[in-house]
Amino acid sequence: MNRFQIHLNDDVGDVGYFRLESEKFPGVTSKDGFYTKQQFRDLQLLGMEYGVNVVPEIDTPGHSGAFIAYDPRLGSNNQLDINRPETLDFIKELFDEYLDGSNPTFVGPDVHVGTDEYFGDDKEAFRRYADMLLNHINSKGKRARLWGSLSAYDGTTPVSNKATMDIWYEPYGSVLQAIELGYDVVNTNTNLLYIVPQLYRSYLNYDFIYNEWEPNDWLETKLPYGHPQVKGGMFALWNDVSVEKGVSMADSHQRILPSMQVLAEKLWRGNRVDRNFASFQADAAKYVDPPGVHQSHKLQVDNERNIVLDYTFDEGFADRSGNGFDGNAVNAGTEKGIFGQAVRLKGGASYVETPLRTLGFGWTMSMWIKPDADNPQGAVLLESPDGQLKYNIGGSGKLAITKENYVSEFNYKLPTDRWTHVIMIGDDTGTSIFINGSEYTATLKDGSKLETFVLPVAKIGSETNAFKGLIDELIVRNTYVDLHGNLALHKQAESSLPESSSYTADKAVDGRGDTRWSSNWVDDTWFMVDLGEVKNIDAVSILWQTAYGLKYRILVSEDKENWTNVVKDNNGVINGKPGRVVTTFQSTPARYVKFEGVSRATMFGYSFEEFEVYGEEYKLGNIRPIIDLLTAIEAYKLVEDNYSPEGWAQLQQAIVQATAAIQTAQLTRPEAEQAYAGLSVARDRLTIEDVMGLIELNVNESIAANLYLPQKGQLGTRIVWSSSKPDYLNANGQLLQRPSGSDMEVMLTATISKGDASAKKTFKIKIKALPSSGGGGWVPTPITPDPEEGQNGGSNPGGGDPGNGNENGNGNGGESGGSTTVRLNDIASHWAKASIKRAVELGFVAGYTDETFKPNKTVSRDEFVVMLVKALKLQGTNSSLDFADAGSIQAWANPYIAQALESGLISGYADGTFRPKASISRAELAAMIVRSLGLKTSEGHELSYADADQIPDWVKPYVAAAQEAGVMNGRGDNRFAPAASATRAEAVVVILNMLDALAELQAQEQN
């Protein structure tokens, strides 16, 4: 483990690269990055100081695209023409440039000449070429090294054995042949010791290497232990596709360090009788990077919460973590933030400098940000030499991570001049973001590209192009806090026979990027995770290794005996692909979740890095409604003296609780909904108090006729009346009879409500007695409802469909212009509570007669059409329908479906049916909403949803248009879930978004 071999040239696809300065052939060096001669010379000399032999490798006659690009006469298709004398001269002159002279570039004892993966047909020419190169290197006083290749190019031409051969792939160069020919050999077995991140192998199998492997073991061939020609072993990290796959220096180091540790243990100490891998790992973890290197960027802190930085900015730029990492501000100040003070960054050179640089993989960062509207493009929020967190790249208004030459953007546009909460987490597998809890979540971890990020914390802001705006409550932790809601994480897992003891089922639920489950090499295998209890789940995510499942099934069970396939189409079979595959389905109760293989994509078994299970109700809560309500309350500038002590105290308590809630990193959905509900009720109570003083009956004498009782209060309140003598004066203000003898006193009580808040105000009224003559024929007068208010009571005075939520109704409400008496008792903590109430007030949907709304109940096609038509207030035909199943369409829904059909909002299926009682899918919902808005659609949209491949082609333009218009988004984890059934709550929210968008379009037209 004291040899560091550097592969100086290679091909990436059809493009070749050479990474060393050449003065003799100046055009051969790649311009996008290279060592100067002096840099490479210094690197070798530095290695010598530490006892490390830095070995340069110029790999020919294959992998020679860079040389052929320089001079096309040298060969073709990245392969040198080794029968051409001028080609041989060029290669020798190239080596001579670095070997000759008084100050050679290659100063170490060894030089590697490559010779792997040449695909020419002339075996004897290859052998002559290899012999020429080895002799040439040896003639310069160096020790030649080469890759094993003489089995593929067996022949009669002698090849010098004065060299050390790296045996990497036995069919190409056999170890037994190399030993017989007299070569010293090094074990570099491609099936065990090669790392090609995101393509071939991301990590070595450390467990197997530690417990089972020895350098004399090539798996296919095993030499006697201590064989004198076996000189050791070497692992290889190949950067063939590093740029394409996003591999950074931090990613490389993450793989190099543990590989060096385990190989050093085996090469220096061998197979110990007392070996224990867990103990070895614990010991290895104690050894940090050497001084001056620090590529891991690990930082230990002495607090239980793993907080590295805690900047509230309430005390200037002091670090409240207790670590003493205080900041120093340059052209930055403080002003009022969302909590206390915030830092104001001013663009250009504006930053807070910390004593730190970067935090390595396994970090969590949270902050509140409020961007100014005039931010520069690519404004920097955080930076260090290792990367930047940027905002507004290309004017997008989105956040992005940048490292080396890579840029990865999150598909969420931050609102300007408005506070937004951002949490980011990162490990060696990817980077995730959570905006306002679950308002927007995304993970850069789809398996196709390595979008990792070491967190830059040297500067908050930038020396050159800082963010413009406010940042508050910046907290950084040196641990990865899982916020995804993966129900399978660290749960009990089992499987059919694994490939080996190193690839057991538990490795797929451990949350690590360097472990995996791999099955035996057969199609009929299975994997199962026990969630511990029955939970409602709606998605399974598999992060495949190269050996992915071509076809497979996902089954669920509550008792481990009776299994249900979650996929209802394609015969229940999922078509796999490399990388991450997310399968969404209708929410299903399950304790056990099983993968069942059908067919493999490779000759190997099935192999996945992670098997994740999700349920919508177990994810983070959305705190955006809480933020907006808190902001609105602050903007009102309420005055305490205007309200009752009880109402004011309730609001202050709710503000404290809501503020604490939005500062909680792992706020669950029920907790978020509860915090919002408490704040909403408290604010509504004060609104009611504002309105109560405005309600007057202006009755100065005894009444002898009907009394006008307002049903709608100001500021969105409702008023419901009750009477102490309803037989005389009812709750509608109708005088039904008058007393005899003397006037009668009646107490009228107004219950003013908004949302779940209510209060009462009482009025004392007198009814004038009938005259002694008997009343002169007095009779009650009917009440005429105010068309702007309707009348109190009566849930459906306007007629229309029953809307009663029973088997004959749909919970969509009637066409009443008045208030409903239904109290919705199942939405108090629901995420869509405010939207549901607004929808009920608008009258296009209503609750059920059991005083519920059933927000999570799926919506049928006829129910949604009724809601949509009512919301749009369409007028049109009441004609008969000619669908093949028209007889199954209920009478109350018929006219609405006819109107929607006439307006082009809906159509039937190819078989001529409408299927009124089929649940409407989210894909269908998107199409109807876009048609209702009259938005233009076009083909070719690239959707960024993680399950974009599951969205049918016909609906992709509609999904893109709905997302662009802001009327419909994904369900979380950046999934659209096209096949999932839409719920009543989702339908209401999308329709309201549509109405708001229509209003905005109309306003724009008027302007």
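This passage describes a hairpin, a helix and a sheet in a predicted model.

Strand E16 (residues 332-336) and strand E17 (residues 341-353) are paired in the antiparallel sense, with 5 bridges between them. Within this pair, Lys-336 stands opposite Gln-341 in E17. The two strands, E16 and E17, form a hairpin in which 4 residues lie between them. Gly-340, in the turn, has a positive phi of about 70 degrees.

Helix H12 covers residues 645-662. At 1.5 Å a residue, its 18 residues should span 26 Å, and the end C-alpha atoms are 26 Å apart, which agrees. The buried residues of H12 are Gly-647, Trp-648, Leu-651, Ala-654, Ala-658, Thr-659, Ala-661 and Ile-662. Seen down the axis of H12, these buried residues fall within an arc of 155 degrees, so they line one face of the helix. The face turned away from this buried side carries Pro-645, Glu-646 and Val-656, which are exposed. Packing of the buried residues of H12 is against two strands, E19 (363-371) and E24 (420-427), and two helices, H11 (624-636) and H13 (669-692).

An open sheet of 3 strands follows the order E37-E38-E39, and its pairing is antiparallel. Strand E37 (718-723) and strand E39 (757-767) are the edge strands, each pairing on one side only. From one strand to the next, the twist averages 25 degrees. E37 is joined by 6 bridges to strand E38 (residues 744-754), and the two run antiparallel. Ser-723 stands opposite Leu-748 in E38. Helix H13, against which buried residues of H12 pack, lies across E38 and E39 and runs at about 25 degrees to E39.

Conventions
Residues numbered from 1 in each chain as written. Predicted model: local features only at pLDDT ≥ 70, side-chain atom pairs only at ≥ 80, totals over all residues. Heavy atoms only, no water. Pairing = 2+ DSSP bridges. Expected span 1.5 Å × (residues − 1). Buried < 20%, exposed > 50% of the residue type's maximum accessible area, 1.4 Å probe, protein only. Arc of directions from axis to C-beta. Contact = heavy atoms within 4.5 Å. Axes fitted to C-alpha atoms, helices over the stretch in contact; angles between N-to-C directions.
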